[in-house]
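Trainee: Could we go through the surroundings of the bound ligands in this model, with the criteria stated as we go?

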Amino acid sequence: MTELPLIVHKRTCPLCEAMCGLKVHVRGDQVEKITADPDDVWSRGHICPKGTTLGTLHHDPDRLRRPVVKQPDGTFKEVSYAEAYARVDELLGPVIAEHGIEAVTAYVGNPLAHALDLSRYVGILIGMSGIPMIYSPGVVDQWPKNVGAHLMYGGMWKIPVPDLQRTDLFVVMGANPQASQGSLMACPDVMGEIGAIQKRGGRVVVVDPRRTGTAAKASEWIPIVPGTDAAFLLAMVQVLYADGLVDLGHVLGHVEGGQDAVDALGRLAEPWTPERVESLTGVPAERTRALARELATTPRAALYGRIGLCNQEFGTLASWLVDVVNILTGHFDVEGGLMFPLPAAWTVSDLPMPDLEKGVPNFGRWRSRVRGAPEVLGHVPVSCLHEEISTPGKGQIKALFTVAGNPVLSSPEGDRLDAALPQLDAMISLDLWINETTRHADVIFPGLSALESDHHDDMIWMFAVRSGAKFSPAVFEPVEDRPGEWDTLIRLAGACLGTPMADFDVAAIDDGFFDVLAMAHGIDGEAARRHYTEGGPLRLLDLQIRSGPFGDRYGENPDGLTLAKVREHPDGIDLGPMVPRLADVIDTESGRLVLAPPYITADLARLERRLGRPRPELVLVNRRHLRSNNSWLHNVPQLMKGSNRCTLLMHPADAAERGLADGDLVCVTSESGAIEIPLEIDDGIMTGVVCTPHGWGHGADGARLSVAGGAPGVNTNAISPGRLVDEISGNAMVNGFEVSVAAVGDKFSRSVATSG
Ligand SMILES: Nc1nc2c(c(=O)[nH]1)N[C@H]1C(S)=C(S)[C@@H](COP(=O)(O)OP(=O)(O)OC[C@H]3O[C@@H](n4cnc5c(=O)[nH]c(N)nc54)[C@H](O)[C@@H]3O)O[C@H]1N2
Ligand SMILES: Nc1nc2c(c(=O)[nH]1)N[C@H]1C(S)=C(S)[C@@H](COP(=O)(O)OP(=O)(O)OC[C@H]3O[C@@H](n4cnc5c(=O)[nH]c(N)nc54)[C@H](O)[C@@H]3O)O[C@H]1N2
Ligand code: SF4
Ligand SMILES: [Mo]
């Protein structure tokens with residue numbers, strides 16, 4: 001018997017924003033190994049341990065390969081697509097007939113941002129189905145940035161990104177690229193770039209309650225009390241004005257209100273001296289002052305804030321102030337500062353929201369039924385979902401779609417959601433695994449594995465430090481000719497409109513969607529469609545590229561890009577670094593940058609009140625690890641090697657005070673619950689702060705994650721209080737809430753000790 005030939009496929013890793021080029025070594029239908037692609041023009045040989053496991057994910061026996069339907073005994077049975085469609089019709093029809101479409105909602109999760117089909121087509125489910133609102137982890141993530149971008153620049157996804165490759169001072173707040181590999185900052189080999197800054201004589205400063213892997217590699221670590229970044233940043237702004245260091249450069253000409261608006265901001269910041277906030281933030285006043293001066297006087301500098309600045313009590317203020325400091329110091333829309341990326345393929349997610357007026361902070365257009373939480377950019381806190389399911393009354397949620405999500409582990413009060421999901425009349429999920437959430441579904445449609453899918457990132461290029469394009473064709477044909485997830489999303493929209501899933505005219509809807517998107521980019525859709533023999537995501541991608549900034553515009557610009565041209569370059573096409581383009585980006589009502597949106601500055605009163613509040617003895621923050629990806633890579637044996645990562649980090653002084661030792665099982669209690677977790681003593685965390693990772697808490701009955709179930713960890717979101725949000729964005733405050741920590745069986749062991 002001759003051995004099958006080894007074929008090496010090039011493809012881009014879809015797991016995170018680093019978009020690494022991979023070489024997938026395949027023999028027959030088996031992945032032998034995955035290595036870095038040194039020729040990839042973007043990642044140039046960078047890879048992390050997760051990227052090497054796409055083969056394991058593909059071959060995972062637990063992964064769903066056919067739709068499954070829940071049986072009366074609670075088990076799942078594999079069925080044909082036709083049977084699954086019929087079951088959805090059977091479940092959904094009565095819900096909508098009896099309670100209306102208001103009783104239906106969807107939760108759309110993180111991989112959406114990374115998958116070719118989902119990122120481009122979820123809009124059809126959301127937009128066409130008539131579902132009044134959806135839930136997403138966006139509000140446990142970047143909503144404060146969306147609010148700021150919407151109000152300042154006129155679009156919720158107009159998020160400026162640090163020009164990491166050309167900066168000489170990089171100040172990182174509330175981000176740990178060593179683990180995350182960059183977020184809302186897509187950059188190849190982000191730690192390599194951070195090292196390069198220092199090699200060229202620059203500095204990297206990390207402001208974080210924890211000495212993270214990034215802080216360990218940085219020039220300096222500035223510990224800060226969780227949730228106080230807004231005060232720290234405001235003090236920097238105060239210094240900039242007081243020291244005459246404000247210089248916006250060319251940006252001044254774009255600011256609504258011009259110099260008057262700049263002066264007004266100075267007056268707002270005036271009371272916030274570094275001395276005034278020192279005891280709140282824990283950052284010595286001299287250090288704050290010096291950093292402000294360093295930022296102002298370094299020609300190429302960028303201040304970057306990420307999830308630690310969003311998932312906290314003053315998320316919007318802190319995120320806004322990051323942009324403000326960059327703007328005031330002339331590090332905005334210039335090389336080496338914060339800049340607006342220019343994707344070769346515009347993103348589908350950036351369609352204007354139909355009912356959101358430009359420039360007007362018209363949030364709170366409606367409120368959630370149970371808690372009365374105000375809507376912000378169409379979202380309410382995701383922790384509302386459980387009570388909307390479990391609280392009877394008109395408008396109660398009776399049917400739920402989940403698309404690529406695991407809210408039982410990822411949402412605050414996820415344990416309550418876990419308890420609420422069985423009360424639904426219908427739950428339909430799109431996922432590749434039966435996880436802690438989808439185990440409650442009636443029907444699960446399996447997505448294709450990453451290696452069975454074509455790939456070109458959509459949203460991620462919107463945050464990329466360089467323009468570029470990379471297309472990867474699928475490595476394997478899906479078994480049994482399964483449809484892509486875009487097809488299922490469209491059919492589900494049909495089911496909501498009362499058409500049986502099997503009968504819905506997917507092609508017609510796809511054509512219509514294409515035409516709408518084409519029109520939004522100045523292309524005649526009907527004419528453009530004549531270029532194609534079939535529809536679907538690749539036709540859309542071609543449209544995105546051809547009508548994008550580098551595109552051929554269907555012949556108008558013959559040397560321009562098309563998907564076909566991109567495909568000729570399996571190592572990708574590099575289209576250069578970011579360029580100043582503020583004038584093109586700003587899309588506010590006045591056409592100008594709104595430096596200090598009143599909706600945001602009004603929240604300073606709340607920050608003022610925080611000044612007078614004593615610091616709790618102990619607060620909790622979260623962390624990520626390079627070998628996890630939110631909740632869903634814990635079924636990969638290679639990534640689970642080594643010691644238990646689901647631990648509570650605590651400073652030795654705090655542990656000593658509580659009589660706790662490394663490895664003790666401790667009970668962490670918050671206002672919303674308690675978890676038991678092993679203690680890991682770590683002098684790299686501030687005193688008064690403890691730290692857990694999220695995405696753990698596997699081993700639930702009925703889930704099919706055999707490896708994850710063997711080392712389940714605990715769900716930190718069982719103690720994240722749903723009530724606590726950044727009030728003006730509704731974003732969860734999973735960082736910086738008060739907890740207490742005690743040994744498990746504490747009373748028992750002490751009483752033994754004292755009686756002895
Ligand atoms: N306490 C705390 N909670 C947090 C965070 C935190 O820092 N602290 N972080 C938050 C953040 S930033 C995020 S983004 C969320 C993530 O929250 P979620 O998106 O709810 O959770 P994930 O763990 O990313 O789950 C993704 C699911 O998608 C599935 N999946 C993967 N690829 C595909 C695909 O191609 N198609 C389909 N259909 N499914 C797919 C996986 O199997 C997995 O079940 O968690 C949030 N929760
Ligand atoms: N390996 C891996 N990569 C990932 C993910 C993953 O789960 N694993 N998730 C992906 C997703 S969905 C996202 S959104 C990104 C997130 O990417 P990052 O934003 O880089 O997220 P983290 O690594 O969680 O880093 C957040 C940091 O904020 C700090 N922090 C907490 N509270 C505060 C505070 O109040 N102030 C300050 N200054 N700092 C604070 C924490 O200590 C932590 O070091 O990562 C993505 N990449
Ligand atoms: S850093 Fe790792 S997970 Fe992220 S794209 Fe690269 S290989 Fe994939
Ligand atoms: Mo995220």
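Trainee: Which residue has a polar side-chain atom 2.8 Å from a nitrogen atom of ligand 2?

Mentor: This is a predicted model, in which local features need pLDDT of at least 70 and side-chain atom pairs count only at pLDDT 80 or more, while totals for chains, interfaces and linings use all residues. Residues are numbered from 1 along each chain as its sequence is written, chains are lettered from A and ligands numbered from 1 in the order in which they are written, and side-chain values use heavy atoms, with hydrogens and water left out. A polar contact is a pair of N or O atoms within 3.5 Å, and the residue that places a polar side-chain atom 2.8 Å from a nitrogen atom of ligand 2 is Arg624.

Trainee: How much of ligand 2 does the protein bury?

Mentor: Backbone atoms also approach ligand 2, with an N or O atom of Ser628 lying 2.7 Å from a nitrogen atom of the ligand and a polar atom of Gly174 lying 3.4 Å from an oxygen atom. Taken alone, ligand 2 exposes 920 Å² (accessible area by the Shrake-Rupley method with a 1.4 Å probe), and the share of this that the protein buries is 96%.

Trainee: Which helix gives the largest share of the shell around ligand 2?

Mentor: The shell, counted as residues with a heavy atom within 4 Å, holds 31 residues, and Ser180 and Asp208 are among the closest. Helix 5 (177-180), helix 12 (307-310) and strand 19 (619-623) each supply at least two of them, where helices (H or I, at least four residues) and strands (E, at least two) are DSSP runs numbered from the N terminus. The largest share, three residues, comes from helix 12.

Trainee: Which atom pair with Ser631 is 2.5 Å apart at ligand 1, and how much of that ligand is covered?

Mentor: Ligand 1 is surrounded by 30 residues, and Ser631 is among the closest. An oxygen atom of ligand 1 and an N or O atom in the side chain of Ser631 form the 2.5 Å pair. Of the 920 Å² of accessible area that ligand 1 has on its own, the protein covers 95%.

Trainee: Between which domains does ligand 1 lie?

Mentor: The bounds used here come from an automatic or database domain assignment. Because both domains give residues to its shell, ligand 1 lies between domain 2 (63-134 + 381-455 + 471-484) and domain 4 (616-747).

How values were computed
Polar contact = N/O pair within 3.5 Å; in protein donor to acceptor, adjacent residues only side chain to side chain.
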